[in-house]
Amino acid sequence: MATDRKRVRMGQVVSIRFSMTVDGGEQHRVDDELAVYLHGHGNVVPGLERALEGHAKGDVIDVVIPPEDGYGPRKKGGLRRIPRSSLAKDLETTVGTQVVMHSADGDVRSLWITGVEGEDVLMDESHPLAGLTLRYRVEVVAVREAHVDELLHGHAHPPPS
Ligand code: ZN
């Protein structure tokens, strides 16, 4: 009996090579990037995870992902101006960096740095790709069973060096 090629499914570690463009935004373009992720654990956007389901090494797929299956809609009024002095000293204030903020009432939220102005850091509650339609070309490079610790952690680990 011929061995079936390993298929992308829940609990497999999948290596992909991908390019991505968004409608109306050259600055978000990604070219020929390699990623390794644990499938079925929300490590990639839902639309991409769904599109890859059942594919095998060597498959190349084109997928168009609307915001609701990507990074969600843009949140209204989510812009923040925060004094640099109130943030951790070693925080990288590079545009696009994700910052996890803990408020006094125990709320945890993610913000993304959109710029620096004088003594202030500008942040947005929306992911930089929120509200955008994503166009991916993805090649499945490898599929393997996840290790137990990867399943426990919910993400892929790099191979031991
Ligand atoms: Zn881990």
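Leaving aside its neighbours within four places in sequence, Thr 133 is in contact with Thr 21, Val 22, Asp 23, Val 64, Ile 65, Pro 66 and Pro 67. This residue belongs to the loop that lies between β7 (120–124) and β8. Its C-alpha atom is separated by 20 Å from that of Thr 114, although the two residues are 19 residues apart along the chain. Everything described here is read from a predicted model, and with that in mind we can move from this loop to the strands around it.

One open sheet is built of four strands in the order β2-β1-β8-β3, and the pairing in it is antiparallel. Because β2 and β3 stand at the edges and each has a single partner strand, one side of each is left without a neighbour in the sheet. From one strand of this sheet to its neighbour there is a turn of 30° on average, if direction is ignored.

The pairing can be followed strand by strand. β1 and β8 are joined in the antiparallel sense over 11 bridges; among the bridged residues, Gln 12 has Glu 145 of β8 as its partner, and Val 14 has Val 143, likewise in β8. On the other side of the pairing order, β3 and β8 run antiparallel and are joined by six bridges, and here the bridge partner of Val 63 is Tyr 136 in β8. At the edge of the sheet, strand β2 is the place of Asp 32, a residue other than glycine whose phi is nevertheless positive, near 50°.

What does this part of the structure hold in the way of a nonpolar core? The largest nonpolar core has 22 residues, and those with the most contacts inside it are Leu 48, Leu 52, Leu 134, Tyr 136 and Val 138. Two or more residues of this core come from each of β1 (12–22), β2 (30–38), α1 (46–52), β3 (60–65) and β8 (134–145). In soluble globular proteins, nonpolar side chains tend to be buried together. Val 138 gives a closer view of such packing: not counting residues up to four places away in sequence, Val 138 touches Ile 16, Arg 17, Phe 18, Leu 48, Leu 52, Asp 59, Val 60 and Ile 61.

Which residues form the one aromatic pair that a search of the whole structure finds? The pair consists of Phe 18 and Tyr 136, whose rings lie 5.9 Å apart from centre to centre with 50° between the planes, an arrangement described as tilted. Since Phe 18 lies in strand β1 and Tyr 136 in strand β8, the pair ties together parts that are 118 residues apart in sequence. Are these two residues buried or exposed? Phe 18 has 13% relative accessibility and therefore counts as buried, and Tyr 136, at 7% relative accessibility, counts as buried as well. The cut-off behind this reasoning is that a residue is called buried when its relative accessible area is under 20%.

A second open sheet also has four strands, placed in the order β4-β7-β6-β5 with antiparallel pairing. Its edge strands are β4 (79–83) and β5 (98–102), each of which pairs on one side only, and its twist averages 45° from one strand to the next. Inside this sheet, strand β6 (residues 108–117) and β7 pair in the antiparallel sense over five bridges, and one of the residues involved is Glu 117, whose bridge partner in β7 is Asp 120. Apart from the 22-residue core described above lies another core, of seven residues, including Ile 82, Leu 87, Ile 113 and Met 123.

The last stop is the metal site. The zinc ion is coordinated by His 153 through ND1, by His 155 through NE2 and by His 157 through NE2, at 1.9 to 2.1 Å. Along the sequence these donor residues follow the spacing H-x1-H-x1-H. How accessible are His 153 and His 155? With 49% relative accessibility, His 153 counts as partly exposed, and so does His 155, for which the value is 35%. The reasoning rests on the limits used for these words, since partly exposed covers the range between under 20% for buried and over 50% for exposed.

How values were computed
Residues are numbered from 1 along each chain as its sequence is written. This is a predicted model: local features need pLDDT of at least 70, side-chain atom pairs count only at pLDDT 80 or more; totals for chains, interfaces and linings use all residues. Side-chain values use heavy atoms; hydrogens and water are left out. A nonpolar core is a set of buried Ala, Val, Leu, Ile, Met, Phe, Trp, Tyr and Cys residues joined through side-chain atoms within 4.5 Å. Buried means under 20% relative accessible area, exposed over 50%, partly exposed in between (1.4 Å probe, protein chains only). Contact means heavy atoms within 4.5 Å. Donors are N, O and S atoms within 2.8 Å of the metal (3.2 Å for Na, K and Ca); water is not among the atoms, so sites may look incomplete. Two strands pair if DSSP finds at least two bridges between them. Axes are lines fitted to C-alpha atoms, for helices over the stretch in contact, and angles run from 0 to 180 degrees between N-to-C directions. Rings of Phe, Tyr and Trp (its six-membered ring) pair if their centres lie within 6.5 Å; planes under 30 degrees apart count as stacked, over 60 as edge-to-face and the rest as tilted.
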